[in-house]
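Reader: I am new to reading protein models. Can we go through this one step by step?

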Amino acid sequence: MAAETEVQLMMSVGLIEKDTNGDSLWVWCYPSVSAELRELLLRKCCLTDEKGALHTFVFGQFRRLWYYITTAEAQDQATLKKVTHFSIVLTAKDFNPEKYAAFGHVLCRMYLKHGSPVKMLEGYITVLTKGICQSEENGSFLVKDYDARKAYLAGSIKDVVSQFGMETVILYTALMLKRRIIVHHPRLEALLEFTRSLPTLVWHRKDWSILHPYVHLNDCELDALKVCTGYIAGFTDPEIGNRSELYDVYVNLPESEIIVSQFAKDAMAMGKLHKDVGQLIIQAAADPDRSDSQVVKDLAVKTREILSTLTSLAECAGSKITLEHLRQRRFPPATETFLYHLAAAEQMLEI
């Protein structure tokens with residue numbers, strides 16, 4: 001069963017090499033990678049980075065396809081004489097960085113030993129068909145060891161709350177309302193770690209397709225982002241702070257600063273409901289006996305309460321909520337605004 005699922009999830013494997021002349025090129029892929037995607041993956045793999053920073057593992061998403069890039073030094077291997085570094089690129093339909101980092105590492109060791117993609121292809125096909133890749137010298141990899149739920153919970157929501165405190169509720173509100181969040185940090189690893197945690201704030205959706213953890217200020221990538229309803233997008237380029245048309249909420253991670261854009265301020269107005277949610281998050285996260293997953297669960301219970309309020313309002317109204325129905329309930333203004341926009345996000349609003 002695992003192998004059958006894997007056939008549907010893994011899409012391709014590829015190899016990029018950096019030679020002794022400093023050129024980085026695609027040298028092999030299976031079954032195929034489009035020209036547009038090749039160009040993007042060359043940009044994402046650190047071999048083309050002018051600053052020369054070596055990122056052993058990066059991941060991201062482009063048009064609903066996840067990519068996972070594992071990079072290694074050729075280490076003067078006799079099998080790779082003219083190569084200084086290489087990247088193994090896996091593309092897949094699922095979000096699971098730990099799974100693809102482990103598999104990428106096994107494929108890297110295979111390539112270092114044999115200097116040919118043939119053994120990598122054998123390993124890739126074995127995982128597709130059997131869900132396993134085993135070899136004594138290169139380590140083994142089992143698909144069933146990597147559960148999707150574990151990948152979702154691998155980030156630390158407690159770290160997010162520790163950094164932003166009560167302001168975490170701004171991120172929660174933006175995600176609940178399917179707004180656009182931009183996160184900036186010059187260090188890629190910090191960006192990946194922080195952004196992957198944010199979808200847990202809206203655990204009831206279990207939707208990691210909103211996550212675009214590593215985006216360049218490139219027209220093709222920005223066009224793909226703009227067609228998304230709401231998103232969490234990570235950028236290392238500080239110039240993103242000047243692109244206010246791309247975000248409703250801007251998170252400057254090094255400065256621990258969250259900015260709500262001018263045109264999103266009305267929908268994002270904070271009231272008693274937000275304060276209650278914020279206090280719940282802070283108390284749960286501050287408890288040393290509570291794990292990250294328990295904090296996520298505590299917040300999910302509160303979210304279910306809010307959603308059940310909406311559901312009962314919709315039932316009273318017939319099937320969909322109108323602004324008039326909300327006004328009849330005499331909610332505080334900020335709560336009314338939040339519930340109105342949440343009804344729209346959850347497709348429960350009469351238009």
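Reader: How many cavities of 30 Å³ or more are there?
Author: This is a predicted model. A cavity here is a space where a 1.4 Å probe fits but cannot get out. By this rule, with the bar set at 30 Å³ or more, the count is 1 cavity.

Reader: How much space lies in the largest cavity?
Author: Its lining includes Ile157, Thr200 and Leu201. Ile281, Val295, Val296 and Leu299 also line the largest cavity. The space inside comes to about 40 Å³.

Reader: Which helix gives the most to the lining of the largest cavity?
Author: Look at the residue numbers of the lining, among them Val295, Val296 and Leu299. The top contributor spans residues 292-317 and gives 3 residues. That is helix H11.

Reader: How many residues in that lining are nonpolar, and how many are polar or charged?
Author: Sort the lining by class. Ile, Leu and Val count as nonpolar, while Thr falls among the polar residues. The lining has no charged residues, 1 polar and 6 nonpolar.

Reader: Now to charged pairs. How many salt bridges does the structure hold?
Author: Side chains of opposite charge can pair when their charged atoms come close. The cut-off for a salt bridge is 4 Å between a side-chain nitrogen of Lys or Arg and a carboxyl oxygen of Asp or Glu. The structure holds 14.

Reader: How many residues apart are Glu221 and Lys44?
Author: Their side chains meet in a salt bridge, 2.7 Å from N to O. Both residues are buried. Glu221 sits in helix H9 (residues 219-226) and Lys44 in helix H2 (residues 35-44), so the pair links distant parts of the chain. The separation is 177 residues.

Reader: Are Asp94 and Lys99 buried or exposed?
Author: These two form a salt bridge, with the closest N and O atoms 2.8 Å apart. Buried means under 20% relative accessible area. Asp94 has 14%, and Lys99 has 3%. Because both values fall under the cut-off, Asp94 and Lys99 are buried.

Reader: Which helices hold Arg196 and Glu98?
Author: The side chains of Arg196 and Glu98 meet in a salt bridge, 2.8 Å from N to O. The two residues are 98 apart along the chain. Arg196 is in helix H8 (residues 188-197), and Glu98 is in helix H3 (residues 97-114).

Reader: Is Glu98 buried or partly exposed?
Author: Its partner Arg196 is buried, at 7% relative accessible area. Glu98 has 34%. The partly exposed class runs between 20% and 50%, so Glu98 is partly exposed.

Reader: Which residues do salt bridges with shared partners join into one network?
Author: We have met two members already: Glu221 and Lys44 form a salt bridge. Other salt bridges share partners with such pairs in one network. Its members are Glu39, Arg43, Lys44 and Glu221.

Reader: On to the strands. Which strands stand at the edges of the open sheet of 5 strands?
Author: The order is S9-S10-S8-S11-S12, with mixed pairing. An edge strand has a single partner strand, so one side of it is left without a neighbour in the sheet. The edges are strand S9 (211-212) and strand S12 (257-260).

Reader: Do S8 and S10 run parallel or antiparallel?
Author: Strand S8 covers residues 180-184, and strand S10 covers residues 231-235. They are joined by 5 bridges. One bridge pairs Arg180 with Tyr231 in S10. S8 and S10 run parallel.

Reader: How many residues of strand S5 are buried?
Author: Strand S5 (residues 83-92) pairs with strand S1 (residues 10-19) in the antiparallel sense over 9 bridges. S4 and S5 also pair in the antiparallel sense, over 8 bridges. S5 is mostly covered, and the buried residues are 8 of its 10.

Reader: Which residue of S5 is the bridge partner of Tyr67?
Author: Ser12 stands opposite Thr91 in S5. Tyr67 has its bridge partner in S5 too. That partner is Thr91.

Reader: Where does Arg64 lie?
Author: Arg64 has a positive phi of about 70°, although it is not a glycine. At 61% relative accessibility, Arg64 counts as exposed. Its place is the loop between strand S3 (57-62) and strand S4 (65-73).

Notes
Residues numbered from 1 in each chain as written. Predicted model: local features only at pLDDT ≥ 70, side-chain atom pairs only at ≥ 80, totals over all residues. Heavy atoms only, no water. 1 Å grid on protein atoms, 1.4 Å probe; cavity = no way out; pocket = protein on both sides within 12 Å on 5 of 7 lines; lining within 4 Å. Points joined across faces, edges and corners; volume = space filled by probe spheres on them. Helix = DSSP H or I, 4+ residues; strand = E, 2+ residues; numbered from the N terminus. Buried < 20%, exposed > 50% of the residue type's maximum accessible area, 1.4 Å probe, protein only. Pairing = 2+ DSSP bridges.
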